[in-house]
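Here are some notes to read with the model open beside you. I have kept them short and in numbered points, so feel free to take them in any order.

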Amino acid sequence: MGRNEVLVDADWAVAHLDDPKVVFVEVDEDADAYGVNHIRGAVGLNWRKDLQDGLRRDVISKEALETLLSAKGISNDDTIVLYGGNNNWFAAYAYWYLKLYGHQDVRLLDGGRKKWELDGRELVSNDTVRPATNYVAKPQDHSLRAFRDDVLKAIGVAGLVDVRSPDEFAGRLLAPAHLPQEVSQVPGHIPTASNIPWSKTANEDGTFKTNEELAALYEGAGVNLDNDVIAYCRIGERSSHSWFVLKELLGVKNVRNYDGSWTEYGSLVGVPVALGDEPGQA
Amino acid sequence: MSSCGAVVGGVSLEHVDVSRQAVIQGVVSKSDGPAHVGYVRLHDRNDEFVAEVPVSAVGEFRFFAAAGEWNVVALIPGGVARTKVQASLGEIVDIDVLVS
């Protein structure tokens, strides 16, 4: 799949704001962001309220996603353009999520909400109302999703890519530096994982680097792009951003997102853990 | 489960034990007052990205970091400013960042 089929720039977005078959979807973790303002015609999804199972730790069910997208007025044959804050972390998570459930045409707005704002483009505050649809999702495609047992089997075998910051990888921090460091799971990383922070895939304005730069980044860190790859972070949203880079921009055939990520792995009993800046031994 | 998402202006200090972390916070301004729209990035001493938050409606931001030298990069429409700061555990570093 070509870069232009999965990534759109702001000019493309402006040209398609009134296209009835293109649905802009803002995805945030901050419940207030969409309500303050958003791209004209965009509908909003909240990472926590809409995309997390309210009872157990998991993505929502196929039936729940169908209900959600139908209520948002999204059809199976629509082109969904996702954007959001945090350099598109949560938009990339939603991209992975929609691919997990088989939506055909999903794209990311390059640079997300940040570049849109920094470029001084129009944002509106009025609610978007789209007629309800009858969205039908496919069963989860587990070739895109890694579970804890997949990760344990991958140690020393497949390419494990830890996309957190170097301090989180080494165990010096338990969470990103803009959050308090008061969480309970053990620090460190999955042995043999390469540390390639998500931030190295993006420019300062949030846009993705070129495919040539991205390939050089991963190959320079020793990741064999012909091998199976599993990306993880702390809760699976930053790793969705890197999953997008690997799968959709670089075309790595078998790359999965471990959405359990370090909050799950770092709490498992009896699994191997590595500390420090080096990948560690299997 | 808390997310990794950035809260506008940074996370509140309420219920946070600041004795165990270095806090870097401040206000981003432009020539006519606080920046209402913008982002602040925290880079380490090697200028590698560590974290980013959007500014609040009055230009505020806050990071929780380890002790050491940091680079604060403010992005607002039409301008960028970079400021070095030295942070220590248990201390709150307040800085004003002017983007001209």
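The points below go through a sheet, two helices, a pocket and a few backbone details.

1. A word on the source first: this is a predicted model. Please keep that in mind as you go through the points that follow.

2. Let us start with the sheet in chain A. Five strands form an open sheet in the order β1-β5-β4-β2-β3, and the pairing is parallel. At its edges you will find β1 (7-8) and β3 (43-46) of chain A, each of which pairs on one side only.

3. Now for how the strands of chain A are joined. β2 (residues 22-28) and β3(A) run parallel and share four bridges; A:E26 has A:G44 in β3(A) as its bridge partner. On the way to the other edge, β4 (residues 79-83) of chain A is connected to β5(A) by three bridges, again in parallel, and here A:V81 has A:R107 as its bridge partner. Two bridges link β1(A) with β5(A), also parallel, with A:L7 opposite A:L108.

4. Strand β5 (residues 106-109) of chain A deserves a closer look. Which residues cover its two sides? A:V106 and A:L108 lie on one side, with A:R107 and A:L109 on the other, and all of them are buried. The arginine is worth displaying here: A:R107 is among the buried residues and is also the bridge partner of A:V81.

5. Next, please turn to A:N88, which sits in helix α6 (residues 85-100) of chain A. Is A:N88 buried or exposed? At 0% relative accessibility, A:N88 counts as buried, since the cut-off for buried is under 20%. A polar atom of the A:N88 side chain lies 3.0 Å from the backbone nitrogen of A:G84. Beyond its neighbours within four places in sequence, A:N88 is in contact with A:L82, A:Y83, A:L109, A:G111, A:G112 and A:H241.

6. The preceding asparagine, A:N87, also lies in helix α6 of chain A. Although A:N87 is not a glycine, its phi is positive, at about 55°. A:N87 counts as buried because its relative accessibility is 3%.

7. Helix α10 (residues 211-220) of chain A has a clear division. A:L214, A:A215, A:L217 and A:Y218 are buried; they cover an arc of only 155° around the axis, so they lie on the same side of α10(A). A:E212 and A:G220, on the other side, are exposed. The buried residues of the helix pack against α1 (3-6), β6 (159-162) and α11 (238-249) of chain A. Just after α10(A), A:G222 takes a positive phi of about 85°.

8. The second largest pocket has a volume of about 360 Å³. Among its 21 lining residues, those closest to the centre are A:P166, A:D167, A:R172, B:D44 and B:E48. At least two lining residues each come from α9 (166-170) of chain A and from β4 (49-54) and β6 (68-76) of chain B. Which of the elements gives the largest share of the lining? That is β6(B), with three residues.

9. Finally, a backbone detail in chain B. B:D47 lies in the loop between β3 (39-43) and β4 of chain B, and has a positive phi of about 65° although it is not a glycine. With a relative accessibility of 41%, B:D47 counts as partly exposed.

Methods
Residues numbered from 1 in each chain as written. Chains lettered and ligands numbered in written order. Predicted model: local features only at pLDDT ≥ 70, side-chain atom pairs only at ≥ 80, totals over all residues. Heavy atoms only, no water. Pairing = 2+ DSSP bridges. Buried < 20%, exposed > 50% of the residue type's maximum accessible area, 1.4 Å probe, protein only. Polar contact = N/O pair within 3.5 Å; in protein donor to acceptor, adjacent residues only side chain to side chain. Contact = heavy atoms within 4.5 Å. Arc of directions from axis to C-beta. 1 Å grid on protein atoms, 1.4 Å probe; cavity = no way out; pocket = protein on both sides within 12 Å on 5 of 7 lines; lining within 4 Å. Points joined across faces, edges and corners; volume = space filled by probe spheres on them.
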